[in-house]
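User: I am new to this structure. Please take me through it, and give your reasons.

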2 protein chains.
Amino acid sequence: MGLPLRKSKVAAPPPACPLTECMGLLRGAWAPNVIWHLSAGPRRFGELRHDIPRISARVLSARLRELEAKGVVTRAVLATSPPSAEYALTDLGEELVPAIHAIVEVGRKLKQNPKTRGKAASPRVRTS
Amino acid sequence: MGLPLRKSKVAAPPPACPLTECMGLLRGAWAPNVIWHLSAGPRRFGELRHDIPRISARVLSARLRELEAKGVVTRAVLATSPPSAEYALTDLGEELVPAIHAIVEVGRKLKQNPKTRGKAASPRVRTS
DNA sequence: AAATGTGGTATCCATCCGGTTACCGCAGGG
DNA sequence: CCCTGCGGTAACCGGATGGATACCACATTT
C-alpha cells in the first residue's frame, strides 16, 4: 500500500469551510460583477445593463431576483414616469465587497505580470 | 422618458473589472475548496478526496487538471510503491488564498449571525 | 404617429457540467 | 489468492443554465 494518509500533518487542513456558504451568494453568471458594480452605490436596471455590456436582460433580472432573495441586494421601485427600479447592496452585500476586492486584486496582478503563470512555488518531480 | 441614466454620478462605477479574469481561475465546482485545502500545504489525491467528502474522483481529477493548466497548482508524482500524486499551490495559487480567505470570512459571519440576512442597508421603498 | 427608452417576462434551445457507474494496473496485507 | 486502497480514466446521462429572441405596458420625445 502507498503512503499512509496524513490526516493532519505539519499543518492541519483548514476545518470544515464556510467557503461553500459564501460562494453560494455569488453563484450564477455575472453575480460577482453585479455586486461589484453596485458597490459604488445604488444603480438602476438599465444602468447595470450598460455597466455589464454582455449580460442579457433575462440573466440580469434573474440574478437580481436571486440576490434579493438571498438578502444581498434590495430592490426599490421609484415612482417615476415609467416606474424605474433601483438596486442597492444590503449590509450583507456590503460584507461581500472586500472579498470581491481581494479577487479583483488578484485579477489585476494577473494582467500586470502574466509571467507568474506556470511558475512552481517549489521544485518538484516532473508532472507526468 | 424616465430618469436619465447617470453615467457616473456621485461615485463612478468601478472601471472595467479584472474580476472576471480572476473568477475564471476558480471556476468549476469545488475549485475554491480544492485551493482552500491546498493552502495548508501539499496534499495527495486521496487526501483531497477525504477533505472534500462529497466530491467525486472524476470532478476532483478534472479540477486539478484544469488548475494545473492554469498554473494554479503543481502536480508531482511521487515514486512510491503505488505511485502517488501530490498537489501543491504555485505562487499564483498562493495569491488566490487571501481572496479565498476573505470569502471564508464572509461565510463565517454568515453562519455566526444569520440575522444580518435580509436587513436592508438603508430604508427603501417596498419591494414590489 | 412613430420611435425610443424603461423594466422586465416568456419561450425556446443548445450547451455545459457535474454526478454515477464501471473499470484499469499495481502493490501490499490477510 | 483475493481483496482493498491508490490514482485515476471512460462512458453515459440528466438537469441546470445562460444566450437569443420576441414581446409587454406605459410615457416621453420627435
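Analyst: This is a predicted model. Start with DNA strand C. Among the 22 residues around this strand, the nearest are G46(A), S61(A), S84(A), A85(A) and A29(B).

User: What makes a residue count as near DNA strand C?

Analyst: The test is a C-beta atom within 6 Å of the strand. For DNA strand C, 22 residues are around it.

User: Which elements supply at least two residues each to the surface near DNA strand C?

Analyst: Chain A supplies them from α3 (45–51), α4 and β3 (84–89). Chain B supplies them from α4.

User: How do the residues near DNA strand C divide by type?

Analyst: Into 12 nonpolar, seven polar and three charged.

User: And which residues come nearest to DNA strand D?

Analyst: A29(A), G46(B), S61(B), S84(B) and A85(B), out of 22 around it. Two or more residues each come from α4 (57–69) of chain A, and from α3 (45–51), α4 (57–69) and β3 (84–89) of chain B. By type, this surface has 12 nonpolar, seven polar and three charged residues.

User: Now V59(B), in helix α4 of chain B. Why is V59(B) called partly exposed?

Analyst: V59(B) has 16 C-beta neighbours inside 10 Å. Buried needs 20 or more, and exposed needs 12 or fewer. The count of 16 lies in between, so V59(B) is partly exposed.

User: Which residues does V59(B) touch, leaving out those up to four places away in sequence?

Analyst: A29(B) and W30(B). As for A31(B), its C-alpha is 9.5 Å from that of V59(B), with the two residues 28 apart in sequence.

Technical notes:
Residues numbered from 1 in each chain as written. Chains lettered and ligands numbered in written order. Predicted model: local features only at pLDDT ≥ 70, side-chain atom pairs only at ≥ 80, totals over all residues. Helix = DSSP H or I, 4+ residues; strand = E, 2+ residues; numbered from the N terminus. Nonpolar A, V, L, I, M, F, W, Y, C, P; charged D, E, K, R; others polar. Contact = placed C-beta atoms within 7 Å.
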